[in-house]
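Visitor: I should like to learn how to read a structural model feature by feature. Might we begin with the ligand and proceed from there?

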Amino acid sequence: MILNENSPKKIIPVAGGKGGVGKSVLSTNLSLLLAVNGKKTIVVDLDLGGSNLHTMLGIKNTNRGIGNFISDKSLTMDELVVPTDYENLYLIPGDVLVYGLGEISFEEKKRIIKGLVELDADYIILDLGAGSSLNVIDFFLISNSGIVVTTPHMTSIMNAFGFLKNVAFRFLQRAFADNKRFTEYFDRAFLERHPGEQKSLKDMLDELRSIEPEAVEKAELFLEILQPKIIMNMAEESGELSIAESLRDLTKRSLSIHSECLGLLFMDRQVSDALKERTPFIMQYPESVTAEGMDRMARKIILSKRFPEMPLELDYYKDSFELTQIEAEIDEQAREKAENSGYSPDEIDNLLKLVEQQQMRIRELEKALSRSAMGGNQGGILGQISGMSF
Ligand SMILES: Nc1ncnc2c1ncn2[C@@H]1O[C@H](COP(=O)(O)OP(=O)(O)OP(=O)(O)O)[C@@H](O)[C@H]1O
Ligand SMILES: [Mg+2]
């Protein structure tokens, strides 16, 4: 029903509730990092109505995608897979060529999900749209490995929580579709919701416990299957991770969902610069603190033999949030160092390369000069020196 840690093929949906939090940037760069590490990876543009992954990968939008798959029943999902400029990385484009599909039918959704599950790859990354529509939630529920991207802003955190809440309700609704009393209770509770006095999912399960004790026990076990991974993006300082911890606590308390943290990335102007160049960020600024942060996330995914279980060395830190806190503090120091020197880490790298090149040229010149001092053509050498720019 839902791919879990036992599945060798990993489908990782990337969602977030709020628009513009960095879902597509992260889908693209994490996919590329998995591919760079030798894993066959397919990144799928499932943001129907807002497809833009081809742009991020610098690919022209002339290829058939999910839109064509929906409108042409004879197409198979693997016919949509296109190679990218990067080894091991493939793309399934969105609905740029066939646009305006809106909310798709349950049957169409089932066909898409079946097609995705049958694809041949080590990792399949799904870039989902913003919001909590049924499309987004059902794609998120293909596996229990989903990533939720948020920024430290309150609206983004609330949207991430609202998204996970809808995911939990939908998950239970599907799991208990044949239990009439359970579904009736949930449908009624959902309809009777009033702003400001909403019951939490946990409260509802507690209420149901006296009528349907077995079903509630089963529901709680089901909710344990979900293990969303939070990414805090566009942070200004490492202390903002505590906001993600609040999201974790709220999610545990009111939804009985246990979430982990995959990492934190700082606000970095170069992310938008790379986007303008239509080059994946990690290719444009591979030495940056942000690229290192993305690489750490990809490594956590690869190192986990049973993702979404986290590969944690719990002798050294308490949990995935504490690990992220340590990483974020190190990144923060690296950023401060770079800022204090007035150069970004990439600029420093470029400067170092330049200095190296110049030293090489000086050594060549010295050699040439000593050769000429031993009787060579001095005018020629001096001519060369004056023509060289340092
Ligand atoms: N860490 C970051 N620092 C600075 N800018 C960032 C960062 N991450 C993403 N951005 C920028 O935020 C903008 C939105 O990113 P992106 O398109 O990935 O978001 P999204 O969640 O996919 O949005 P949508 O919901 O519209 O699909 C882009 O301009 C991107 O360059
Ligand atoms: Mg997007």
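Guide: Certainly. This is a predicted model. To read a ligand site, one lists the surrounding residues and then asks which approach the ligand. Of the 19 residues around ligand 1, Gly19, Gly22, Lys23, Ser24 and Val25 come nearest.

Visitor: Which helices and strands each supply at least two residues of the shell around ligand 1?

Guide: Helix α1 (23-36), strand β7 (229-235) and helix α11 (269-276) each supply at least two.

Visitor: How do the residues of that shell divide into nonpolar, polar and charged?

Guide: The shell around ligand 1 comprises 8 nonpolar, 8 polar and 3 charged residues.

Visitor: Let us turn to the overall architecture. How many helices and strands has the protein?

Guide: There are 16 helices and 8 strands. The C-alpha trace spans about 105 × 50 × 35 Å along its principal axes. Of the 390 residues in the protein, buried residues make up 37%. Sequence separation is also informative: among contacts between residues at least 6 apart in sequence, 76% join residues at least 24 apart.

Visitor: How should I read a sheet, and in what order do the strands lie here?

Guide: The general idea is that strands of a sheet pair through backbone hydrogen bonds, in either a parallel or an antiparallel sense. In this model, an open sheet of 8 strands has the order β3-β4-β2-β5-β1-β6-β7-β8, and its pairing is mixed. The edge strands are β3 (82-83) and β8, each of which pairs on one side only.

Visitor: In which sense do β7 and β8 pair, parallel or antiparallel?

Guide: Strands β7 and β8 pair in the parallel sense, over 5 bridges. Between them the chain passes through helix α10 (residues 241-255), and this β-α-β crossover is right-handed. An individual bridge can also be examined: methionine 232 stands opposite leucine 264 in β8. As for burial, 6 of the 7 residues in strand β8 (residues 260-266) are buried, which leaves the strand mostly covered.

Visitor: How many bridges join β6 to β7?

Guide: Strand β6 (residues 147-150) is joined to β7 by 4 bridges, and the two run parallel. Within this pairing, valine 149 has isoleucine 231 in β7 as its bridge partner.

Visitor: I should next like to understand the interior. Which residues of the largest nonpolar core touch the most other members?

Guide: The largest nonpolar core holds 86 residues, of which Val14, Val44, Ile124, Ile125 and Leu126 touch the most other members. Helix α6 (residues 154-175) gives the most to this core, with 8 residues. For a closer view, one may follow the contacts of a single member, setting aside residues up to four places away in sequence. On that basis, leucine 126 touches Ile11, Ile12, Pro13, Val14, Val44, Leu46 and Phe139.

Visitor: Why is valine 14 counted as buried?

Guide: Burial is judged by counting neighbours, and the cut-off is 20 or more other C-beta atoms within 10 Å. Valine 14 is buried because 27 other C-beta atoms lie within 10 Å. This residue is found in strand β1 (residues 10-15). Not counting residues up to four places away in sequence, valine 14 touches several residues, including Lys23, Ile125, Leu126 and Val149.

Visitor: Can the same reading be applied to a helix residue? Where is valine 136 found, and why does it count as buried?

Guide: Valine 136 is found in helix α5 (residues 134-140). It counts as buried because it has 24 C-beta neighbours inside 10 Å. With residues up to four places away in sequence left out, valine 136 touches Ala15, Leu128, Gly129 and Gly131. The C-alpha atoms of valine 136 and leucine 46 are separated by 8.4 Å, although these residues are 90 apart along the chain.

Visitor: Finally, how should I inspect the backbone? Which residues does a cis peptide bond join?

Guide: Here one reads the torsion angles. A cis peptide bond joins phenylalanine 307 and proline 308, with omega about 20°. Proline 308 lies in the loop between α13 (289-303) and α14 (320-340).

Visitor: What is phi of serine 256, and what is phi of arginine 278?

Guide: Serine 256 is not a glycine, yet it has a positive phi of about 60°. Its place is in the loop between α10 and β8, and it is partly exposed, with 19 other C-beta atoms within 10 Å. Arginine 278, also a residue other than glycine, has a positive phi near 55°. Arginine 278 lies in the loop between α11 and α12 (281-284) and counts as partly exposed, with 13 C-beta neighbours inside 10 Å.

Notes. Residues numbered from 1 in each chain as written. Chains lettered and ligands numbered in written order. Predicted model: local features only at pLDDT ≥ 70, side-chain atom pairs only at ≥ 80, totals over all residues. Core = buried A, V, L, I, M, F, W, Y, C linked by C-beta atoms within 7 Å. Buried ≥ 20, exposed ≤ 12 C-beta atoms within 10 Å, placed from the backbone. Contact = placed C-beta atoms within 7 Å. Near = placed C-beta within 6 Å. Nonpolar A, V, L, I, M, F, W, Y, C, P; charged D, E, K, R; others polar. Pairing = 2+ DSSP bridges. Right-handed = clockwise from strand over helix to strand, strands pointing away.
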